[in-house]
Amino acid sequence: QVQLVESGGGLVQAGGSLRLSCAASGRTFGTYVMGWFRQAPGKEREFAAAVSWSGGMPSYADSVKGRFTISRDNAKNTVYLQMNSLKPEDTAVYYCACKTPGRVQYDYWGQGTQVTVSS
């Protein structure tokens, strides 16, 4: 069992930055693929970014590529999402998730943190 707790959300003006953190419990954190997803009001949850267990091979949705950076610190059981050049369309609840490598679906999810970008 893995528990994920997100933090770092808030209200920011367009063009600003935020860094989200996701703290994970469990001794096997370093073996999981970690991802960030987001869900805007009235829309389905969508993939934002993911990173392999080693911190390499990050992947991004086209909508955030070049603006968001995912990273992880396995010693701290934490994954981060640095969000720069934020746009109003980035407004959403951001969720952290993890999965065993090779699986398609994510196994564990956090409760989410709200990010609101004002124009």
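Student: In this predicted model, over the face of which residue does R45 lie at 5.0 Å from the ring centre?
Tutor: R45 lies over ring faces at two distances in this predicted model, and one of them, 3.8 Å from the ring centre, belongs to W109. The distance of 5.0 Å belongs to the ring of Y95.

Student: Is Y95 buried or exposed?
Tutor: Y95 is found in strand 9. Buried means under 20% relative accessible area. Y95 has 15% relative accessibility, so Y95 counts as buried.

Student: Which residues does Y95 touch, not counting residues up to four places away in sequence?
Tutor: The contacts of Y95 include R45 and W109, and R45 also lies over the face of W109. Strand 4 covers 33-39, and G35, W36, F37 and Q39 are touched by Y95. The full set is E6, G35, W36, F37, Q39, R45, W109, G110, Q111 and G112.

Student: How many Å apart in space are Y95 and A49, C-alpha to C-alpha?
Tutor: In sequence, 46 residues separate Y95 and A49. In space, C-alpha to C-alpha, Y95 and A49 are apart by 11 Å.

Student: Which residues do ring pairs link into a cluster?
Tutor: The structure holds five aromatic pairs. F37 and Y106 form one of them, with 5.0 Å centre to centre. Ring pairs link into a cluster the residues F37, F47, Y106 and W109.

Student: Why does the pair of F37 and Y106 tie together parts that are 69 residues apart in sequence, and where does Y106 lie?
Tutor: F37 and Y106 meet edge-to-face, with 80° between the planes. F37 is buried, with a relative accessible area of 11%, and Y106 is buried at 15% relative accessibility. F37 lies in strand 4, so the pair ties this strand to a part 69 residues apart in sequence, where Y106 lies: the loop between strand 9 and strand 10.

Student: Is the pair of Y32 and Y108 stacked or edge-to-face?
Tutor: Y32 is in the loop between strand 3 and strand 4, and Y108 is in strand 10, 76 residues apart. Y32 is buried, with a relative accessible area of 11%. The ring centres of Y32 and Y108 are 6.4 Å apart and the planes stand at 85°, so the pair is edge-to-face.

Student: Which residues have the most contacts inside the largest nonpolar core?
Tutor: The largest nonpolar core has 30 residues. Strands that each supply at least two residues of this core include strand 3, strand 4, strand 8 and strand 9. The residues with the most contacts inside the core are M34, W36, L81, M83 and Y94.

Student: Which residue in strand 5 does M34 stand opposite?
Tutor: Five bridges join strand 4 to strand 5, which run antiparallel. Leaving aside neighbours within four places in sequence, the contacts of M34 include A49, A50 and V51. Standing opposite M34 in strand 5 is V51.

Student: Which residue in the turn of the hairpin of strand 4 and strand 5 has a positive phi?
Tutor: Strand 4 and strand 5 form a hairpin with six residues between them. The residue in this turn with a positive phi, about 75°, is G42.

Student: What is the bridge partner of A49 in strand 6?
Tutor: Strand 5 is joined to strand 6 by two bridges, and these strands run antiparallel. Strand 6 covers residues 59-60. The bridge partner of A49 there is Y60.

Student: In what order do four strands form an open sheet?
Tutor: Strand 1 and strand 3 pair over four bridges, with S7 opposite S21. Strand 3 and strand 8 pair over six bridges, and A23 has T78 as its bridge partner. Strand 7 and strand 8 pair over six bridges, with R72 opposite V79. The pairing is antiparallel and the order is 1-3-8-7.

Student: Which strands stand at the edges of the sheet in the order 1-3-8-7, and why is one side of each left without a neighbour?
Tutor: Four strands form this open sheet. Two of the strands have a single partner strand each, so one side of each is left without a neighbour in the sheet. The strands at the edges are strand 1 and strand 7.

Student: How many of the seven residues of strand 3 are buried?
Tutor: Strand 3 pairs with strand 1 over four bridges and with strand 8 over six. Strand 3 is mostly covered, and of its seven residues the number buried is five.

Key
Residues are numbered from 1 along each chain as its sequence is written. This is a predicted model: local features need pLDDT of at least 70, side-chain atom pairs count only at pLDDT 80 or more; totals for chains, interfaces and linings use all residues. Side-chain values use heavy atoms; hydrogens and water are left out. A nonpolar core is a set of buried Ala, Val, Leu, Ile, Met, Phe, Trp, Tyr and Cys residues joined through side-chain atoms within 4.5 Å. Buried means under 20% relative accessible area, exposed over 50%, partly exposed in between (1.4 Å probe, protein chains only). Contact means heavy atoms within 4.5 Å. Two strands pair if DSSP finds at least two bridges between them. Rings of Phe, Tyr and Trp (its six-membered ring) pair if their centres lie within 6.5 Å; planes under 30 degrees apart count as stacked, over 60 as edge-to-face and the rest as tilted. A charge sits over a ring if NZ of Lys or CZ of Arg is within 6 Å of the ring centre and within 35 degrees of the ring normal.
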